[in-house]
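Q: I'd like a close look at one part of this model, the packed inside, and then a walk outwards from there. Keep it informal, and spell out the cut-offs as you go.

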Amino acid sequence: MSEFLYLYRGGEDGRTPERLQQMMQKWMTWLKDLAAKGHIKDQGQPLERRGKLVTGRQKTVTDGPFAEAKDVVGGYTLIEARDLEQAVELSKGCPIFELDGAVEVRPVQTLNL
Amino acid sequence: MELSEHLFRRESGRMVAALTRIFGVHNLTLAEDVVQEAFCRAVEVWKFRGVPENPSAWLMATAKNCALDALRRERTARTFAPELGRLLQSEWTLAPAVQQLFGPNEIKDDLLRMMFSCCNPRVSEEAQVALVLHILCGFSVDEIAGAFVSSHAAVEKRITRAKKLLAKSRRLFDVSAPADFSARLPAVHTALYLLFNEGYHGASAESAVRADLCREAMRLTSLLLEHPLGATPTTYALAALMSLNAARLPARVDTSGQLNTLVDQDRSQWDRNLVSEGLKLLERSACGSEISDYHVEAAIAAVHADARRIEDTDWRKIVSLYDMLMTIHPSPIVALNRAIAVAQSEGPERGLEEIGAIDHRDRLARYPFYSAAMGELELRLGRRDAARRHFEEALALARNPMERRFLDQRVAACA
């Protein structure tokens with residue numbers, strides 16, 4: 001098994017209360033299902049959409065946003081999968097796609113001695 | 001922890017009402033934005049960490065914090081609720097004042113304040129109902145359009161207009177002034193009654209949507225009953241009528257979406273708890289000198305609830321109650337229902353006579369169940385051709401697939 005990080009980008013949208021509740025329930029069902037199948041290494045955390053950006057040699061501090069709204073990372077999950085292909089397959093159940101968001105699937109680098 | 005169904009929608013009304021009280025009614029949009037922000041936060045956090053022990057309290061606390069942020073951010077650019085004045089200006093009083101305004105009793109009053117504000121006589125009754133559904137029940141424009149079988153654009157226009165009017169009214173309705181309260185109460189009753197009826201008789205084909213509307217109307221009516229000025233005999237009568245009618249909902253539309261008339265309903269499916277709740281409310285409504293249409297309608301519903309089989313129905317009593325309703329509030333639709341009751345007690349021939357004698361019958365021309373009632377009575381008299389013509393007329397007026405299917409079957413029954 002290898003580890004992969006899901007980065008959730010965008011997919012936040014002005015929605016009605018009923019729709020928001022449905023979306024959340026879909027997220028919880030999806031994550032629960034991944035956990036039941038033993039794919040969750042760390043459920044992860046939500047990230048606030050605001051913060052600071054520190055850049056360059058000058059260590060210039062600027063306010064977020066760090067990217068366009070549709071690309072802002074809103075959270076992450078650390079998962080376990082056989083290979084990148086499976087990790088990608090598993091990500092397709094994420095409800096974020098209904099709101100035109102994206103899941104970035106990144107293999108965690110391992111040190112093989 | 002599982003979330004109860006429609007929790008967000010319900011909490012939305014409480015949060016918008018509380019925030020509007022703090023921000024002032026002219027900042028209604030800001031209140032709605034802040035509520036949206038609180039929901040988004042909840043979704044972001046809960047989907048990773050699970051739903052907290054007390055989701056309502058969590059949402060309310062989040063709304064409060066978002067409100068504090070907004071108050072600090074905007075206090076130089078905007079004025080907030082005039083009656084709160086300086087409390088919100090100074091950092092010393094801001095947090096304690098907001099804290100207090102989020103107390104549970106305050107929020108109950110906020111909901112009433114908002115309910116009474118939405119039932120502004122300058123807003124059409126149709127728009128009042130849409131506004132109540134939107135602001136207090138958290139229904140989106142699409143959900144309202146679906147429930148009323150209306151277009152998104154039409155509902156949006158109606159709500160936007162009404163909101164603008166509300167925002168211009170300077171302050172929310174004062175529910176602590178008895179004279180004003182009593183003067184506005186009938187309008188509130190009407191809006192809640194219309195909301196309930198939209199669910200009960202309305203055009204939406206989805207039984208879930210209908211049940212939702214009825215439940216919301218009942219929830220808001222019981223809120224009214226919790227207020228000393230709101231708990232009048234008429235409010236009790238309205239609540240009774242809702243409970244007694246809602247008790248029949250499970251049998252009215254079956255699981256396959258089939259519409260069943262009172263005659264054909266499987267009465268074992270009636271909700272007995274709602275019936276006894278309704279009867280209790282009806283008893284409590286009988287303490288004043290005033291008899292409203294709601295009293296009479298509830299009494300009619302109680303007669304039906306009392307009959308275990310359709311044959312056991314006391315139709316004479318129902319006719320006399322409709323007679324009473326015709327003196328309080330005559331309308332072609334009441335007259336039609338009265339005629340149907342006459343037909344049940346004195347035969348179809350008499351029923352048709354009564355229908356023929358309805359004043360302003362032309363106002364029923366677009367109502368499918370007017371022709372359908374005549375079709376039914378003709379059919380009972382064995383006059384199949386006349387019956388079929390009436391049912392075909394009704395079919396042409398059907399408002400949704402459920403009604404169409406029902407009337408199709410009635411046409412077929414004439415063959």
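**Starting from the core**

A: In the largest nonpolar core, which has 135 residues, the ones that touch the most other members are Leu19(B), Val34(B), Met115(B) and Val132(B). (A nonpolar core here is a set of buried Ala, Val, Leu, Ile, Met, Phe, Trp, Tyr and Cys residues joined through C-beta atoms within 7 Å; buried itself means 20 or more other C-beta atoms within 10 Å of a residue's own, exposed means 12 or fewer, partly exposed is in between, and the C-beta atoms are placed from the backbone.) The biggest giver to this core is helix 2 of chain B, residues 28-49, with 10 residues. (Helices are DSSP runs of H or I with at least four residues, strands are runs of E with at least two, and both are numbered from the N terminus.)

Before going on, some housekeeping. This is a predicted model, so local features need pLDDT of at least 70 and side-chain atom pairs count only at pLDDT 80 or more, while totals for chains, interfaces and linings use all residues. Residues are numbered from 1 along each chain as its sequence is written, and chains are lettered from A and ligands numbered from 1 in the order in which they are written.

Now zoom in on Met115(B). Ignoring neighbours within four places in sequence, Met115(B) is in contact with Val132(B), Leu136(B), Val188(B) and Leu220(B). (Contact means that the C-beta atoms, placed from the backbone, lie within 7 Å.) Val132(B) therefore turns up twice, as a partner of Met115(B) and among the core members with the most touches.

Next, look at helix 6 (residues 125-136) and helix 8 (residues 152-168) of chain B: their axes come within 9 Å and cross at roughly 85 degrees. (Axes are lines fitted to C-alpha atoms, for helices over the stretch in contact, and angles run from 0 to 180 degrees between N-to-C directions.) That makes helix 6 and helix 8 of chain B roughly perpendicular to each other. (Roughly perpendicular covers 65 to 115 degrees, under 35 is roughly parallel, over 145 is roughly antiparallel, and the rest is oblique.) Helix 6 of chain B brings Glu126(B), Ala127(B), Ala130(B), Leu131(B) and His134(B) to the contact, and helix 8 of chain B brings Val155(B), Arg158(B), Ile159(B), Arg161(B) and Ala162(B). By type, the residues of this contact are six nonpolar, one polar and three charged. (Ala, Val, Leu, Ile, Met, Phe, Trp, Tyr, Cys and Pro count as nonpolar, Asp, Glu, Lys and Arg as charged, and the others, Gly among them, as polar.)

A couple of other buried spots in chain B deserve a stop. Arg210(B) sits in helix 10, residues 207-225, and counts as buried because 22 other C-beta atoms lie within 10 Å. Farther along the sequence, Leu377(B) is part of helix 18, residues 368-380, and is buried too, with 25 C-beta neighbours inside 10 Å. Leaving out residues up to four places away in sequence, Leu377(B) touches Ala343(B), Pro348(B), Gly351(B) and Leu352(B). Its C-alpha atom is 8.7 Å from that of Ile340(B), 37 residues away along the chain.

Zoom out a little: chain B splits into domain 1 (1-102), domain 2 (315-363) and domain 3 (365-415). (These bounds come from an automatic or database domain assignment.) Between the C-alpha centres of domain 1 and domain 2 of chain B there are 51 Å.

His6(B) lies in the segment before helix 1 (7-23) of chain B. With 18 C-beta neighbours inside 10 Å, His6(B) is partly exposed, and its phi is near 60 degrees, positive in a residue other than glycine.

Finally, chain A. It has two helices and six strands, in the order β-α-β-β-β-β-α-β from the N terminus. Of its 113 residues, 27% are buried. Where the chains meet, 19 residues from chain A and 18 residues from chain B take part. On the chain A side, helix 1 (17-36), strand 2 (40-46) and strand 5 (73-81) each give two or more residues, and helix 1 of chain A gives the most, with 10 residues. That side divides into eight nonpolar, nine polar and two charged residues.

Technical notes:
Contact = placed C-beta atoms within 7 Å.
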